[in-house]
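Dear colleague,

I am passing on the structure we spoke of, with the sequence alongside. Please have it open while you read the notes below.

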Amino acid sequence: MNDKQTADIVIVGSGMGGATLAAGLAPTGANILILERGEQLNDTPETRDPRAIFQRGVFRPKETWTDGAGQPFNPGNYYYVGGNSKFYGAVLMRYRAEDFRPVQHAEGATPGWPFDYDELEPWYSRAEALYRVRGALGEDPTEPRHSRPYAFPPVPDEPAIAAARARMTRAGLHPSPLPLGVDIEAWLKRAKTPWDAFPDARTGKMDAETCGLASALAHPNVTLQTGARVERLILAPDGKRIEGVAYRSGGEARTVSAKLVVLAAGAVKSVELLLRSSDRGVANRSGMVGRHFMNHNLSAVIAIDPRAVNDSVYQKTLTINDFYLSDGRGGAPLGNIQLLGRVSGPILKAELKSVPEFALNWVSGHSIDWLAMSEDLPSAESRVTLDGAGIRLDWKRSNWSAHLALVARLKERLRAAGYPVVLSHAFDRRTPSHQCGTVRIGAEGASAPLDPFCRAWDHPNLFVVDASFLPTSAAVNPSLTIAAQALRVADHIARNDL
Ligand SMILES: Cc1cc2nc3c(=O)[nH]c(=O)nc-3n(C[C@H](O)[C@H](O)[C@H](O)COP(=O)(O)OP(=O)(O)OC[C@H]3O[C@@H](n4cnc5c(N)ncnc54)[C@H](O)[C@@H]3O)c2cc1C
């Protein structure tokens, strides 16, 4: 390499994995360069306008991928400083202890992790501190052991949600507070909107930019370069060392060399970089790079009661795990239930284009919106591959029967709770929002590209620290687990590589 730009550590991507890893490594004093293809999200009126976000899609990327049948689609995958967490629902929930062990599901068994829950537990606590998670212990029947309580109390239920909670409790369920990373006063001060899927222009969400990156950039040895799109990794002639990365910035091709290279571009884009960087794909002795793509089975479940008014603004404060470890009748696990961010008329209109908005506003004013989430099991045939200059995402959904059973069980309880009309709508394939598993960790290099510390088995100075590493998707939102592992990996790098 003939370029002069150098760093001790180059991190590709400033999302949940990359920003949190940078926060963990910053105190070492190492010279860290974060290359981020996106720019900082501007604070415009559109950031709080549901019509702009959901109907006009103004924040969506101008990008097309193809699915397994060769059909083009525009993926909901975002490129800004802070990555997809800028849009996230800020649910920061731990995997359950059982999720780290092999589990028998309706349509197959999960493999288990190369380490158990207790190994990650201290890092979960640190991640919760970094992302200022609000929550309460002792109410969720599936809650894993916490060595530290939450530092902040839960986001309060709005009155309509407190009433919904009481109805669900009377129907025999155990709703508990959702662990959330949001400063609710600051968020509502900017505008009275929900935060789930609304972009955060630094107005109250605890995300990869406002927490992970802010903590990293407080150190003078950390630099963020935006508008820097990495195109490939540069391999040394020995085929083992990664010398650096090639990227494009302002139309110019550039390179930077580094002692350590960390990919954190997300579970689809990190795969693209590995596959574009050598004929067989970097870190791909196992042939597993791009395989085991997972993305949760998700449905919105809308409970309508014409006699009750839902005048909540944000709604999203409860979770129900009664069917997480089993179906409640001794059968296989079904998944997690949580409230969606408030679904207003303009948001419904994005899906139901022919229905007038006033009618949708009425429905919204008399309904509570739930999200049913079931585990997607890892399958080698569920894949991200290259498609010329583009990406092919052939997601093979699994465990769908468990998801249908979860939706049926939830509907049954909602009717028992007195909601006469309950509708459901499955999320479609164009929303890879919980993408993971494509460059997984494993106890040996024959079946997994990464070791349990996210180091490539084939390349000692390459790490992949984003949702790609997850060997299972569990049935909870992924970000806190990505952040906890990023802090664990940062500690490992600080001890062994610097
Ligand atoms: C609407 C929505 C709601 C969600 N709600 C939740 C929730 O409530 N809780 C939860 O836990 N999770 C939620 N998620 C998922 C969560 O946002 C992701 O799991 C998480 O952000 C993934 O982190 P990551 O580090 O893998 O990737 P990302 O956060 O996506 O970061 C990848 C980064 O890499 C950058 N990048 C990509 N390619 C390149 C390149 N070639 N060169 C340089 N930079 C590059 C991207 O711009 C991006 O900044 C939600 C997601 C969406 C879209």
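What follows is an account of helix packing, sheets and backbone conformation.

Please keep in mind throughout that this is a predicted model.

I begin with a pair of helices. The axes of helix H3 (residues 117–130) and helix H11 (residues 479–496) come within 8 Å and cross at roughly 105°, and the two helices are therefore roughly perpendicular to each other. On the H3 side the contact is formed by Glu119, Leu120, Trp123, Tyr124, Arg126, Ala127 and Glu128, while H11 contributes Leu480, Thr481, Ala483, Ala484, Gln485, Leu487, Arg488 and Asp491. Sorted by character, the residues of this contact between H3 and H11 comprise 8 nonpolar, 2 polar and 5 charged.

Helix H9 (residues 357–365) is worth viewing along its axis, with Glu357, Leu360, Ser364 and Gly365 as its buried residues. These four cover an arc of only 140° around the axis, and therefore lie on the same side of H9. Among the elements that cover the buried residues of H9 are helix H2 (50–55), helix H8 (345–351) and strand E15 (367–374).

Strand E15 also belongs to an open sheet of 6 strands, whose order is E7-E13-E14-E15-E12-E18 and whose pairing is antiparallel. Strand E7 (175–177) and strand E18 (421–426) stand at the edges with a single partner strand each, so that one side of each has no neighbour in the sheet. Leaving direction aside, neighbouring strands of this sheet are turned against each other by 25° on average. At the E7 edge, the antiparallel pairing with strand E13 (residues 318–320) extends over 3 bridges, and Pro175 is found opposite Ile320 of E13. Helix H4 (residues 159–170) lies across E7, E13, strand E14 (336–339) and E15, and runs at about 140° to E7.

A second open sheet has 4 strands in the order E4-E3-E17-E16, and here the pairing is mixed. Its edge strands are strand E4 (72–73) and strand E16 (383–387), each of which pairs on one side only. Strand E3 (residues 65–67) is joined to E4 in the antiparallel sense by 2 bridges, with Trp65 standing opposite Phe73 of E4. Helix H7 (residues 269–276) packs on this sheet, where it touches E3, E16 and strand E17 (390–394), and its direction makes about 50° with that of E16.

There is also a hairpin to look at, in which strand E9 (residues 228–235) and strand E10 (residues 242–249) run antiparallel and are joined by 7 bridges. Ile234 stands opposite Gly244 of E10. The hairpin has 6 residues between its strands, and Gly239 takes a positive phi near 75°.

Finally, there are two loop residues whose backbone I would ask you to inspect. Most residues other than glycine have a negative phi. Arg132, although not a glycine, has a positive phi of about 45°, and its place is in the loop between H3 and H4. Ala474 likewise has a positive phi, near 50°, and is found in the loop between strand E20 (459–464) and H11. As for their surroundings, Arg132 is partly exposed, with a relative accessible area of 37%, whereas Ala474 is buried, with a relative accessible area of 0%.

With best regards

Key:
Residues numbered from 1 in each chain as written. Predicted model: local features only at pLDDT ≥ 70, side-chain atom pairs only at ≥ 80, totals over all residues. Heavy atoms only, no water. Axes fitted to C-alpha atoms, helices over the stretch in contact; angles between N-to-C directions. Parallel < 35°, antiparallel > 145°, perpendicular 65-115°, else oblique. Contact = heavy atoms within 4.5 Å. Nonpolar A, V, L, I, M, F, W, Y, C, P; charged D, E, K, R; others polar. Buried < 20%, exposed > 50% of the residue type's maximum accessible area, 1.4 Å probe, protein only. Arc of directions from axis to C-beta. Pairing = 2+ DSSP bridges.
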